[in-house]
Amino acid sequence: MKRKDVAVYEDILKSNVAAAAEVRRRMRERGVLTVNLMSSPGAGKTTLLERLVEKLTPPGRLAVIEGDIETERDAERLRAKGVPAWQIQTGGACHLEARMIGRLLDELPPDLDFLFIENVGNLVCPAAFDLGESLRVVLLSAPEGDDKPKKYPKAFLTAQVLVLSKADLMGLLPFDPERARREALEVNPALEVFRVSALTGEGLDDFVACLHRARAKLTPEDGRHA
Amino acid sequence: MHEMSLVAGLFEILEEKAREHGARRVTAVRLRVGRLAGAVPELLVTAFDMYKKGTLAEEAALITVPVPVLVRCRACDEKFEVDDYVFQCVACGAPDLEILSGTDMLVESIELETDEDASL
């Protein structure tokens, strides 16, 4: 028997990175903006999606993939709005991975503008897994507290957009939206920040405009999406 | 806790490397873990020790090497370590930083056991 040391220098996430690259390539080729929505449980991801459905194009032009540990509930809520929705039940896993998304791509309707992936509610683990999205959106709701960006920096560092959600509660709680914004921008100065209430509709139009801009930038060489 | 998923990815690499080198066993693994990799080194070791039972790395120890978050300012080229999650240049204040290390988990090296005959 003989022992030898072998230099490797490979990312332990390399198979997820490869699967994510494939999802991104296929979706961009079709002109679809894929959005990875991340937050802690109960920050309002599904409710925000329900409102987005009303604002974004005919509902047939968007699809939703829901990730939860158990139940079909979130997908059913979106289907009730006329949106094709798939539920991934992770059966205990705290995050989605790119291969789970890749397996569903063939089932998506042919004419899509937006694909929303609602990650498992968790501000920690999902941040480490690229799903092949072109836009990562993190939600922070007023009841969670304005001190979260520094406590869960990776989610805020890897996102491009921050939605401060449940804005309708902000006057009722000791939540300082300016502090949340400041902390998040320290972690990630490039973050675009929106203050949104899915209940009153505050800030929704600005967020929707941001989604359209991101989609328009997807394939600048292709006039159809410019 | 997603360390089990991460360790599954690590084992894909171990199996691939062992096959490439005609090795029967993996006896040690050195893993560089970035401070912002989103994983806890102690939990990775726990997950590794659970996962390795009955595999080619059954006897292996996972050694984690912490990697700080190093960045470079795109405005003034200053390089520095970020330890408080404030991503702003310490020299010129610019917010546009390139992250050089500290966000991923890299298998640095592994120790393999091969049959002497096969390696001759």
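Okay, salt bridges across the interface: there are five of them between chain B and chain A. Keep in mind that this is a predicted model. One of those I'd like you to look at is Arg3(A) with Glu113(B), where the two side chains meet at 3.2 Å, N to O. That pair turns up again in the backbone pattern, since Glu113(B) in β6(B) is also the bridge partner of Arg3(A). So hang on to those two residues for a minute.

Polar contacts next. Between chain B and chain A we get 17 residue pairs in polar contact, with both residues at pLDDT 80 or more. On the chain B side, the elements that each put in at least two residues are α1 (3-20), β1 (23-34), β6 (105-114) and α3 (116-119). The largest share there is from β6(B), with ten residues. And if you sort the chain B side by residue type, you find 17 nonpolar, ten polar and eleven charged.

How much area gets buried between chain B and chain A? About 3,100 Å², and carbon and sulfur atoms give 60% of that. If you want names, His2(B), Ile13(B) and Tyr85(B) supply 15% of what chain B buries against chain A, more than any other three residues. In residue counts, the contact takes 29 from chain A and 38 from chain B.

Now, back to that backbone pattern. Strand β1 of chain A, residues 2-11, runs antiparallel to β6(B), and eight bridges join the two. Besides the arginine pair, you can pick out Asp5(A), whose bridge partner in β6(B) is Glu111(B).

Zoom out and you see an open sheet of four strands, with mixed pairing, in the order β1(A)-β6(B)-β1(B)-β2(B). Which strands stand at the edges? Those are β1 of chain A and β2 (61-67) of chain B; each has a single partner strand, so one side of each is left without a neighbour in the sheet. As for twist, neighbouring strands are turned by 20 degrees against each other on average, ignoring direction.

Last thing, the helices. α1(B) packs on this sheet and touches strands from both chains: β1 of chain A, plus β1, β2 and β6 of chain B. Its direction makes about 45 degrees with that of β6(B). Then there's α2 of chain B, residues 41-51, which also packs on the sheet, touching β1, β2 and β6 of chain B. The direction of α2(B) makes about 160 degrees with that of β2(B).

That's my lot, over to you.

Conventions:
Residues numbered from 1 in each chain as written. Chains lettered and ligands numbered in written order. Predicted model: local features only at pLDDT ≥ 70, side-chain atom pairs only at ≥ 80, totals over all residues. Heavy atoms only, no water. Contact = heavy atoms within 4.5 Å. Buried area = accessible area lost by both parts, 1.4 Å probe. Salt bridge = Lys/Arg side-chain N within 4 Å of Asp/Glu carboxyl O. Polar contact = N/O pair within 3.5 Å; in protein donor to acceptor, adjacent residues only side chain to side chain. Nonpolar A, V, L, I, M, F, W, Y, C, P; charged D, E, K, R; others polar. Pairing = 2+ DSSP bridges. Axes fitted to C-alpha atoms, helices over the stretch in contact; angles between N-to-C directions.
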